[in-house]
Amino acid sequence: MENCIFCKIINGDIPSKKLYEDELVYAFYDVNPEAPIHFLVIPKEHIESTNDLNPNNINVVSHIFKVINKLVVDLGVSQKGYRIVNNCGEDGGQTVNHLHFHVLASRNLQWPPG
Ligand code: AMP
């Protein structure tokens, strides 16, 4: 989608530190990390938020979690633990309107979040 920074990252119009890519998803390091390891996994299809998931596109979410399972093993943080975050809408703190899952690891994360 035009004017979506994550679509531009997928297309290579904006540079990113890519971790993984396949036909359905793209994973890259967050430019403003909140933990020593902080990456994002996004669908290649432009889906604005979890509000826009439907029976036609929801399978990508299970694929995203499969990719996260692989990446946390590859990065060596699966056993120590990590946090997966999805922010939805204004109150959820979503700033980029392209569905994405944050994965934060390598520090002791506190709860509840701010
Ligand atoms: P959210 O606030 O949940 O919408 O998360 C958006 C995330 O995208 C933030 O953590 C930003 O730091 C990150 N972000 C924004 N622009 C870029 C970029 N060009 N490359 C990597 N991460 C980005």
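Helices (H or I, at least four residues) and strands (E, at least two) are DSSP runs here, numbered from the N terminus. This is a predicted model, where local features need pLDDT of at least 70, side-chain atom pairs count only at pLDDT 80 or more, and totals for chains, interfaces and linings use all residues. Residues are numbered from 1 along each chain as its sequence is written, and side-chain values use heavy atoms, with hydrogens and water left out.

**Exercise 1. Describe the annotated span.**

Start with the record: an unreviewed UniProt entry carries the annotation "domain: HIT" for residues 5-114. UniProt positions follow the numbering used here, feature names are shortened, and annotations may be inferred rather than shown by experiment. Next, look at the span itself: residues 5-114 are 25% helix and 23% strand, and their end C-alpha atoms lie 25 Å apart.

**Exercise 2. Work out who surrounds the ligand.**

First, list the neighbours, taking a residue as near if one of its heavy atoms lies within 4 Å of the molecule. There are 16 residues around the ligand, and Asp30, Asn87, Thr95, His100 and His102 come nearest. Then sort the shell by type: eight residues are nonpolar, seven polar and one charged. In this scheme Ala, Val, Leu, Ile, Met, Phe, Trp, Tyr, Cys and Pro count as nonpolar, Asp, Glu, Lys and Arg as charged, and the others, Gly among them, as polar.

**Exercise 3. Find the polar contacts of the ligand oxygen atoms.**

A polar contact is a pair of N or O atoms within 3.5 Å. Begin with Asp30, which places a polar side-chain atom 2.5 Å from a ligand oxygen. Move on to His100, where a side-chain N or O atom is 2.9 Å from an oxygen atom of the ligand. Finish with Gly93: here a backbone N or O atom lies 3.1 Å from a ligand oxygen.

**Exercise 4. Locate the unusual backbone spots.**

Check omega first: the peptide bond from Trp111 to Pro112 is cis, with omega near 5°. Pro112 belongs to the segment after strand E5 (101-105). Now check phi: Asn3, a residue other than glycine, has a positive value near 70°. Asn3 sits in the segment before H1.

Note on methods:
Polar contact = N/O pair within 3.5 Å; in protein donor to acceptor, adjacent residues only side chain to side chain.
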